[in-house]
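Please open the structure in your viewer and keep the selection panel at hand. The tour below proceeds stop by stop, naming what to select and what is found there.

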Amino acid sequence: MRDVELYRHLLGLESPWTVRSVELNLKEQRVDVWAGHAEGVRWPCPECGTELGLYDHADERVWRHLDSCQFLTYLHAQPPRVQCPRHGVRQARLPWAEARARFTTLFERLAIDVLKETGIRGAGHILRLSWDEAWHILERAVARGQRAKQPRVVAQVGIDEKAIAKGHQYLTLVCDLDHATVEYIAEDRKQASLDGYFVGLSESQLAGIEAVALDMWEPYVQSVRAHVPEAGRKIVFDRYHIMTHMGKAVDDVRKREHRALGAAGDETLTGSKYLWLYAEENLPAKHRPVLEGLLARPLKTARAWGIKESLRDLWSYTHRGWALRHWTRWYFWATHSRLTPVIETARMIQRHLPNVLTYFAHPITNAVSEGLNSKIQTIKKMAYGFRNREHFKTAIYFHCGGLDLYPGTHGIPG
Ligand SMILES: [Zn+2]
């Protein structure tokens with residue numbers, strides 16, 4: 001088989017396209033392939049599909065293709081142009097790449113798969129792309145996915161804030177809890193941040209919302225109340241956020257106690273921060289003896305921890321009435337603990353209790369929020385040029401947006 005035939009097959013080129021020549025450069029480890037087409041072919045206008053004769057050729061362009069045996073492979077061609085009576089002079093669609101792409105469709109598809117696993121730097125390394133090239137593919141994939149996205153009802157909405165960088169900078173994330181996807185990202189955590197999501201929904205999409213899980217954060221609550229019909233019975237202050245507050249209370253108790261003990265030369269609590277924050281059942285086995293040792297001592301932090309773990313049981317009830325009884329006992333215990341951060345958190349939850357107990361009408365699982373959060377944490381670490389928050393948002397949509405990221409193959413065999 002001549003090398004032009006081989007490459008016609010490797011590239012999957014079909015009539016009227018064919019390979020004209022192949023150039024192998026051993027020193028640079030690259031293969032350049034020139035594609036051309038038969039004469040007298042009629043080309044569809046890319047806008048309306050009307051078949052037209054060749055008008056002229058655009059300048060030669062080059063696309064990076066999948067490597068052949070570790071050789072960088074480039075496809076060259078002069079795109080044919082047509083003159084449509086309705087749309088003027090247009091470039092005919094090419095079977096191997098999307099308009100304006102610098103890579104063939106097959107290369108982009110591979111790059112998207114690699115990017116999903118490794119992020120920009122890893123993909124750049126594996127595919128021999130510059131940071132900008134890899135980023136460009138990712139960004140195009142997100143734009144493509146968002147264009148193709150069909151409006152649908154999100155029945156279980158999760159709202160979350162994400163601290164970015166140091167200081168008080170936040171993003172607001174709206175998630176679909178049934179599909180575990182991030183649907184919308186906005187700057188800040190104001191009422192207006194969330195309004196932007198609801199404003200983009202149709203009336204039937206708004207009416208289709210069955211439950212909204214969120215933190216006890218007034219600007220968000222106001223936004224939900226302003227937009228979602230019957231918000232009062234749909235708002236759920238969920239376990240994930242409440243337990244985060246409770247964890248913070250335990251940590252505040254620990255910090256104060258550690259400071260007091262430290263002043264007397266007692267280092268008991270040194271290095272124990274994360275032991276107290278785990279849910280008891282999630283604590284890695286290797287840490288268990290240390291925690292048990294600490295729990296056996298008369299520590300304020302140990303008491304706060306016990307109160308926190310008991311709160312978690314609230315969500316193990318199946319009936320609202322039983323849960324309420326548990327709450328009443330727990331609230332008495334917490335508010336008589338003489339631990340200020342615990343008392344304050346208990347009171348905050350008490351003020352919001354009706355919409356904590358809506359859980360028993362809408363038993364929202366935390367697995368999705370927790371899963372998305374750890375995924376976003378990973379994205380944060382993936383070296384995305386994170387100082388640029390637009391990059392961070394785009395990367396969240398890429399990894400968590402549930403978008404169809406791939407370019408179509410237009411008949412090229414994959
Ligand atoms: Zn046309």
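Leaving aside its neighbours within four places in sequence, which residues is Gln156 in contact with? The model under view is a predicted one, and this question opens its first stop.

**Stop one: Gln156**

Select Gln156, which belongs to strand E10. Beyond its neighbours within four places in sequence, Gln156 is in contact with Cys175, Asp176, Leu177, Asp178, Ala211 and Ile364. Next, add Ile209 to the selection. Although 53 residues separate Gln156 from Ile209 in sequence, their C-alpha atoms are 6.3 Å apart in space.

**Stop two: helix H6**

Strand E10, residues 156-163, is also among the elements against which the buried residues of helix H6 pack. Select residues 218-227 to display H6, and then highlight its buried residues, Tyr220, Val221, Ser223 and Val224. These residues lie on the same side of H6 because they cover an arc of only 160° around the axis. To view their surroundings, add strand E11 (170-176), helix H4 (191-199), strand E13 (211-214), helix H7 (231-234) and strand E14 (235-237), against which the buried residues of H6 also pack.

**Stop three: strands E1, E2 and E7**

Proceed to strand E2, residues 30-37, where six of the eight residues are buried. Now add strand E1, residues 17-25: E1 and E2 pair in the antiparallel sense over eight bridges. One pair to select is Val22 and its bridge partner in E2, Val33. The hairpin formed by E1 and E2 has four residues between the strands, and within this hairpin Gln29 takes a positive phi near 55°.

Strand E7, residues 71-77, comes next. E2 and E7 run parallel and are joined by five bridges. Select Val31 together with Thr73, its bridge partner in E7.

**Stop four: a nonpolar surface patch**

Finally, turn to the surface and select Tyr274, Leu277 and Tyr278, which make a nonpolar patch of about 300 Å². Tyr274 lies in helix H9, whereas Tyr278 is located in the loop between helix H9 (273-277) and helix H10 (288-295).

Are Tyr274 and Tyr278 exposed or partly exposed? Tyr274 counts as exposed because its relative accessibility is 58%, over the 50% cut-off. Tyr278 counts as partly exposed because its relative accessibility is 30%.

To conclude, add Gly247 to the selection. Tyr274 and Gly247 are 27 residues apart along the chain, and 9.8 Å separates their C-alpha atoms.

Conventions: Residues are numbered from 1 along each chain as its sequence is written. This is a predicted model: local features need pLDDT of at least 70, side-chain atom pairs count only at pLDDT 80 or more; totals for chains, interfaces and linings use all residues. Side-chain values use heavy atoms; hydrogens and water are left out. Buried means under 20% relative accessible area, exposed over 50%, partly exposed in between (1.4 Å probe, protein chains only). Helices (H or I, at least four residues) and strands (E, at least two) are DSSP runs, numbered from the N terminus. Two strands pair if DSSP finds at least two bridges between them. The arc is that of the directions from the helix axis to the C-beta atoms. Contact means heavy atoms within 4.5 Å. Patches are made of residues with over 30% relative accessible area and no salt bridge: like charges are joined within 9 Å, nonpolar side chains (Val, Leu, Ile, Met, Phe, Trp, Tyr) within 5 Å. Accessible areas come from the Shrake-Rupley method with a 1.4 Å probe; for residues, only the protein chains shown count as cover. A salt bridge is a side-chain nitrogen of Lys or Arg within 4 Å of a carboxyl oxygen of Asp or Glu.
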